Amino acid sequence: MKTNILSFIIIVFMTGTVLTSCGEASKQDAKAAKEDAKELSKDLKQGAEDTSKEIKTAVRADWQKFKAESETAIENSEKEIKVLREKISKASKSEKEKLTQQLDKLEQKNNELKEKLAKRGKAFKDGVISFNEASIATERKFEREFTHDMNELGTALKDLFKNNVN
């Protein structure tokens with residue numbers, strides 16, 4: 001009987017020791033997991049900030065390049081309009097009136113594109129544009145549409161006399 005009691009006491013003692021040590025290890029593991037989660041959260045925030053800065057830099061650089069190219073294209077269109085006005089002044093009265101109306105419409109379109117570019121530039125300058133993955137797509141869409149409109153204007157200016165002289 002003494003051996004049974006002694007065996008029971010030893011088993012209870014060992015069980016208590018195991019349970020106590022497991023509880024502390026669990027607490028330490030929980031603390032470590034919590035600290036790891038905090039570190040991961042900080043890393044994610046830093047990564048998001050870095051990505052945002054990279055996107056902002058890339059979008060701004062692309063914008064500056066696009067803006068310079070577009071301003072040059074608009075200036076070239078304005079010069080071409082002046083040249084065409086001189087040619088129109090030498091045309092006959094009937095053609096002069098028709099060509100002037102068409103050229104006025106094209107000049108208005110050029111001014112609208114110039115204003116559109118200026119508004120977009122102001123939005124960049126004022127920081128209205130958000131810089132994220134969606135902003136890259138939005139900028140590309142704007143640039144594509146603007147370039148398309150500029151190309152149409154250029155073609156229309158070149159074809160102004162072709163359609164009316166023949």
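## Close-up views of a predicted model

**View 1. A salt bridge within helix 2 joins Lys 119 and Glu 115.** Lys 119 pairs with Glu 115 in a salt bridge whose closest N and O atoms lie 3.7 Å apart, in a model that is predicted. Because the two residues stand four apart in helix 2, about one helical turn separates Lys 119 from Glu 115. Lys 119 is exposed, with a relative accessible area of 56%, whereas Glu 115 is partly exposed, at 47%. This pair is shown as one of the six salt bridges that the structure holds.

**View 2. The protein chain is built from helices.** The secondary structure comes to three helices and zero strands, and the order of the elements, read from the N terminus, is α-α-α. Helix 1 covers residues 2-89, and helix 2 covers residues 93-126. Of the 166 residues in the protein chain, 22% are buried. The views that follow look at places in helix 1 and at pairs that link helix 1 with helix 2.

**View 3. Arg 85 and Asp 104 meet in a salt bridge between two helices.** The side chains of Arg 85 and Asp 104 come together at 2.7 Å, taken from N to O. Arg 85 belongs to helix 1 and Asp 104 to helix 2, so the pair ties together parts of the chain that are 19 residues apart in sequence. Both ends of this bridge have some access to the surface: Arg 85 is partly exposed at 29% relative accessibility, and Asp 104 is partly exposed with a relative accessible area of 36%.

**View 4. Arg 85 also forms a salt bridge with Glu 107.** In this pair the closest N and O atoms are 2.5 Å apart. The bridge links distant parts of the chain, since Glu 107 lies in helix 2 and Arg 85 in helix 1, with their positions 22 residues apart in sequence. Glu 107 is partly exposed, and its relative accessible area is 30%. Through salt bridges that share partners, Arg 85, Asp 104 and Glu 107 are joined into one network. As a general point, side chains of opposite charge can pair when their charged atoms come close.

**View 5. Ser 89 makes a contact with the backbone of Glu 86.** Ser 89 lies in helix 1, and a polar atom of the Ser 89 side chain is found 2.5 Å from the backbone oxygen of Glu 86. With a relative accessible area of 44%, Ser 89 is partly exposed. Although Ser 89 and Leu 99 are 10 residues apart in sequence, the distance between them in space is 9.7 Å, from C-alpha to C-alpha.

**View 6. Four acidic side chains gather in a patch of negative charge on the surface.** The residues of this patch are Glu 35, Asp 36, Glu 39 and Asp 43. One of them, Glu 35, lies in helix 1, which runs over residues 2-89. Glu 35 is exposed, with a relative accessible area of 53%, and because exposed means over 50%, Glu 35 falls in that class.

Terms used
Residues numbered from 1 in each chain as written. Predicted model: local features only at pLDDT ≥ 70, side-chain atom pairs only at ≥ 80, totals over all residues. Heavy atoms only, no water. Patch = residues over 30% accessible without salt bridge, like charges linked within 9 Å, V, L, I, M, F, W, Y side chains within 5 Å. Areas by Shrake-Rupley, 256 points an atom, 1.4 Å probe, with all protein chains shown as cover. Charge placed at Lys NZ, Arg CZ, Asp CG, Glu CD. Buried < 20%, exposed > 50% of the residue type's maximum accessible area, 1.4 Å probe, protein only. Polar contact = N/O pair within 3.5 Å; in protein donor to acceptor, adjacent residues only side chain to side chain.
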